[in-house]
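The report that follows describes one structure in running text, moving from a helix to the sheet and then to side-chain pairs. Please read it with the sequence and the coordinates at hand.

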Amino acid sequence: MSNMPTSTSTSKLSQERTREWLASQATTSVDDEELESIAESSVVDSLDYEYSEYTQDPEDDDDNNNSLEEISTITLGTQLPANKRSVISETLRDLMNSINSIQTLGNVNISNSTNVHIGNVTNINGNIQIIADTLRRPRKDARRVSLSDDQDEAEEKVRSDVFISSQKFKIPKELFSIVPRHSWLAQNPMEEPQNLQLPVKYVVILHTATESSEKRAINVRLIRDMQCFHIESRGWNDIAYNFLIGCDGNIYEGRGWHTVGAHTLGYNKLSLGISFIGCFMRELPTADALNMCRNLLARGVQEGHIAPDYRLICHCQCNSTESPGKRLYEEIQKWPHFYNIEKEEQ
């Protein structure tokens, strides 16, 4: 029978090694009290073992003493083998997963407060259609998942029949948001912008004569390319338009409400230029894009950027150009406030 070394002696040995390691660090200035605190806190005792008398062979004393020290303590600055590092990493990962999986909220007492929110916040840009299912389904049928085995990584597919069109709630179409310049990574204007005199009397509709897309990422790329072309090739101060509208149903800020654009010769200081992203000689923009244009005009009047009796004109009425495209020009002629410049000239 022999006695195992106690945890106290092992802890003291580990603390002494920690002090020696800290003293060897030339860049660290630690006083005696901090050194004592760090040395004590750097030792991790194993609480899973009870140190008591046990039977062992005399020739195994040295090996067992070494293994005890190796299992029971980890000293600051000690290099661990790869296999033990992996075990520790997995243990810590399991611990963090167990902590993150606990998402409970205890009792909350709020008083004398405004605009209080508890929980997640989801910001959604664009038209939203909310479909509710009035018939309760068993939980196991609420979400059906299938895994495709023909790919390297299993892809989770959720069946579309989870949603039943028994009830539909549509967010009002008058609600919309403008994607600000920083969201599409716009360059700063080359010179100080020139302010528009508001409210403007004219609104000019154009098209960019580029490809169109219903994906926001592609529209962002197109807008950045246009700004680069307008600045570097045309020599203009910024992207030409005050606003751009994509077939994804988003409104993108160009020069904005308050800045003179470079979209229509002779009308830049008198109007706002709204350009649809794409070429619309033979087809119209999407219904969402057209609706967003109407909403933008209404918002401009409501906020005082556009005169209530504004005149809606197209680029081809002012300059020799096909913009905004034959089909879109025909559509704009049906809108309220459309102004026929040709009749005025006659």
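On the face of helix H6 that is turned away from its buried side, the exposed residues are Ala217 and Glu232. The model discussed here is a predicted one, and in it H6 comprises residues 216–232. The buried residues of this helix are Asn219, Val220, Leu222, Ile223, Met226, Gln227, His230 and Ile231. Because these buried residues cover an arc of only 165 degrees around the axis, they lie on the same side of H6. A regularity of the α-helix is relevant to such a pattern: with 3.6 residues a turn, residues three or four places apart point the same way. The length of the helix can be checked as well, since at 1.5 Å a residue the 17 residues of H6 should span 24 Å, and the end C-alpha atoms are indeed 24 Å apart, which agrees.

The buried residues of H6 pack against E7 and E8, and the helix as a whole lies across E5, strand E7 (243–245) and E8, running at about 35 degrees to E8. One of the buried residues, His230, has its place in helix H6 and counts as buried because its relative accessible area is 7%, where the cut-off is under 20%. Neighbours within four places in sequence left aside, His230 is in contact with Gly235, Trp236, Asp238, Ile239, Ala240 and Tyr241.

The strands that H6 covers belong to an open sheet of 6 strands, whose order is E5-E8-E7-E9-E6-E10 and whose pairing is mixed. At the edges stand strand E5 (178–179) and strand E10 (306–314), each of which pairs on one side only. E5 is joined by 2 bridges to strand E8 (residues 251–253), with the two running parallel, and in this pair Ile178 stands opposite Ile251 in E8. A second helix, H7 (residues 287–302), lies across E5, strand E6 (200–207), E7, E8, strand E9 (271–276) and E10, and runs at about 145 degrees to E10.

The table lists three further strand pairs of the sheet, together with bridge partners.

| Strand pair | Sense and bridges | Example of bridge partners |
|---|---|---|
| E6 and E9 | parallel, 6 bridges | Ile205 and Ile274 |
| E7 and E9 | parallel, 3 bridges | Phe243 and Ile274 |
| E6 and E10 | parallel, 5 bridges | Val203 and Leu312 |

Ile274 in E9 is thus the bridge partner of Ile205 and also that of Phe243. Further along, Leu206 stands opposite Ser275 in E9.

How many residues of E9 are buried? The count is 6 of the 6, so E9 is largely enclosed by the rest of the structure. Ser271, Gly273 and Ser275 point one way from this strand, while Leu272, Ile274 and Phe276 point the other way, and all are buried. This can be set beside a general feature of strands, namely that in a regular strand the side chains alternate between the two faces of the sheet. Strand E6 is mostly covered too, with 7 of its 8 residues buried.

Directly before E9, a different environment is found for Leu270, which is placed in the loop between E8 and E9 and is partly exposed, with a relative accessible area of 44%. When neighbours within four places in sequence are left aside, Leu270 is in contact with Val200, Lys201 and Tyr202. Leu270 and Leu196 are 74 residues apart in sequence, yet their C-alpha atoms are 7.6 Å apart in space.

Tyr202 also takes part in a ring pair. The whole structure contains 4 aromatic pairs; in one of them the rings of Tyr202 and Tyr267 have centres 5.5 Å apart and planes at 80 degrees, so this pair is edge-to-face, the cut-off for that class being over 60 degrees. The pair links distant parts of the chain, with Tyr202 in strand E6 and Tyr267 in the loop between E8 and E9, 65 residues apart, and both tyrosines are buried.

For the chain as a whole, there are 10 helices and 10 strands, and 31% of the 346 residues count as buried. Among contacts between residues at least 6 apart in sequence, 71% join residues at least 24 apart.

Note on methods. Residues numbered from 1 in each chain as written. Predicted model: local features only at pLDDT ≥ 70, side-chain atom pairs only at ≥ 80, totals over all residues. Heavy atoms only, no water. Pairing = 2+ DSSP bridges. Helix = DSSP H or I, 4+ residues; strand = E, 2+ residues; numbered from the N terminus. Contact = heavy atoms within 4.5 Å. Axes fitted to C-alpha atoms, helices over the stretch in contact; angles between N-to-C directions. Expected span 1.5 Å × (residues − 1). Buried < 20%, exposed > 50% of the residue type's maximum accessible area, 1.4 Å probe, protein only. Arc of directions from axis to C-beta. Phe/Tyr/Trp six-rings, centres within 6.5 Å; stacked < 30°, edge-to-face > 60°.
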